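Subject: Structure handover

Hello,

Here is the structure I said I would pass on. My notes on it follow below.

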Amino acid sequence: MPDNKKSPIINHYADGTASVLRKAVVYSNLRFYQRSDVLYQLTQVFCQRYLPKYGDRTVDQMVQSARSVKQNIAEGSSDGQTSTEVELKLLGISRGSNLELLEDFHDYLKRKGIGEWFGNNPRFEPLHLFCKNHYKFEDYQPLLPKMNDEELANMGICLCHQIDSALTKYIQKKDREFTTEGGIKERMTAARLEQRASQKDIIAQQEREIIRLRDEIESLRREIARLKALAGETG
């Protein structure tokens, strides 16, 4: 079987020292994280407006699931600097919470006898395109107060599907990176080897500089001796 292993990409501090840390992921710039924040806000509005305030655990479950989606993306991305294993685990939890929330929205529509928008439903494509092209909460904020339960639930479902698609691809990307580059142990080994090689290069350069300086000193000594001899002959 072919060996797909490759050396980890090593980052460096300003002074050139090799680092075992991966490049930090700014999770707040990830579009699926931004959509997960929209989903969390939407879920809170939906639950407060259309689900019982007391005696129904669904409210807590939906809000906690929505919160888990975005929180685990944030935590997983931060922990990914040191551990791909932890990052993959937390991203997996995020995806699981997202699918759980998706089921809750489906269940609500079934209980109320409301249809899900998909396929040939004329309201599906505009909703899909809006969610695809808008991923920040400020784009949704003016709309939420005007939407009914059918609209909110279907928007929640659309966001869940788009988040799941993006998360799945991102997890696969991270999995491939781990498979080909290894984890923290491989990065530590690569960083140490690179640092040692760098130190050897510095030492070799210093040794060459010492030899050059010695030769220059010897040349100066000979020149001084020559000048002294010349001065003696003319004195």
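I will start with the packing of α1 and α6, whose axes come within 9 Å and cross at roughly 155°. Keep in mind throughout that this is a predicted model. Since angles over 145 degrees count as roughly antiparallel, α1 and α6 are therefore roughly antiparallel to each other. Their crossing is left-handed. On the α1 side the contact is made by Phe32, Arg35, Ser36, Val38, Leu39, Leu42, Val45, Phe46, Arg49 and Tyr50. From α6 come Asp149, Leu152, Ala153, Met155, Gly156, Leu159, Cys160, Gln162, Ile163, Ala166, Leu167 and Tyr170.

Helix α1 also packs against α2, at an angle of about 165° and with the axes 9 Å apart. That makes α1 roughly antiparallel to α2. The crossing of α1 and α2 is left-handed. Residues of α1 that meet α2 include Phe32, Tyr33, Ser36, Leu39, Tyr40, Thr43 and Phe46. Among their counterparts in α2 are Val59, Met62, Val63, Ala66, Val69, Ile73 and Ala74.

With α3 the geometry is as follows: the axes of α1 and α3 come within 13 Å and cross at roughly 35°. This crossing is left-handed. The contact is made by Leu39, Leu42, Thr43, Phe46 and Tyr50 of α1, together with Asn98, Leu101, Phe105 and Tyr108 of α3. Leu39 and Phe46 thus recur: both are listed in the contact with α6, in the one with α2 and in the one with α3.

For the overall layout, the chain has seven helices and two strands. From the N terminus on, the elements run β-β-α-α-α-α-α-α-α. Buried residues make up 35% of the 235 residues. Of the contacts with a separation of 6 or more, 77% are between residues 24 or more positions apart.

Next, the interior. Nonpolar side chains in soluble globular proteins tend to be buried together. In this model the largest nonpolar core has 42 residues, and those with the most contacts inside it are Phe46, Ile73, Phe105, Met155 and Leu159. Two or more residues each are given to this core by α1, α2, α3, α4 and α6. The most come from α6, with 11 residues. Several of the core residues named above also appear in the helix contacts: Met155 and Leu159 on the α6 side of the contact with α1, Ile73 where α2 meets α1, and Phe105 where α3 meets α1. Met155 touches Leu42, Leu127, Phe130, Cys131, Tyr140 and Met147, leaving aside residues up to four places away in sequence.

On aromatic residues, a search of the whole structure finds six aromatic pairs. One of them is Tyr27 with Tyr33, an edge-to-face pair at 5.0 Å centre to centre, with 75° between the planes. Tyr27 counts as partly exposed because its relative accessibility is 28%, whereas Tyr33 is buried, with a relative accessible area of 13%. Ring pairs also link Phe46, Tyr50, Phe105 and Tyr108 into a cluster. These four residues are also listed in the contact between α1 and α3.

A few individual positions are worth noting.

Glu87 is in helix α3, residues 84-112. Is Glu87 buried or exposed? Its relative accessibility is 2%, so Glu87 counts as buried. Not counting residues up to four places away in sequence, Glu87 touches Gly76, Ser77, Gly80, Tyr170 and Lys174.

Lys136 lies in the loop between α4 (124-133) and α5 (137-140). At 37% relative accessibility, Lys136 counts as partly exposed. With residues up to four places away in sequence left out, Lys136 touches Gln34 and Val38. Lys136 and Gln34 are 102 residues apart in sequence, yet 5.8 Å apart in space, C-alpha to C-alpha.

Gln141 is placed in the loop between α5 and α6. Gln141 counts as partly exposed, at 45% relative accessibility. Its C-alpha is 8.8 Å from that of Gln41, and the two residues are 100 apart in sequence.

Regards

Conventions:
Residues numbered from 1 in each chain as written. Predicted model: local features only at pLDDT ≥ 70, side-chain atom pairs only at ≥ 80, totals over all residues. Heavy atoms only, no water. Buried < 20%, exposed > 50% of the residue type's maximum accessible area, 1.4 Å probe, protein only. Contact = heavy atoms within 4.5 Å. Core = buried A, V, L, I, M, F, W, Y, C linked by side-chain atoms within 4.5 Å. Phe/Tyr/Trp six-rings, centres within 6.5 Å; stacked < 30°, edge-to-face > 60°. Axes fitted to C-alpha atoms, helices over the stretch in contact; angles between N-to-C directions. Parallel < 35°, antiparallel > 145°, perpendicular 65-115°, else oblique. Left-handed = near helix turned anticlockwise from the far one by under 90°.
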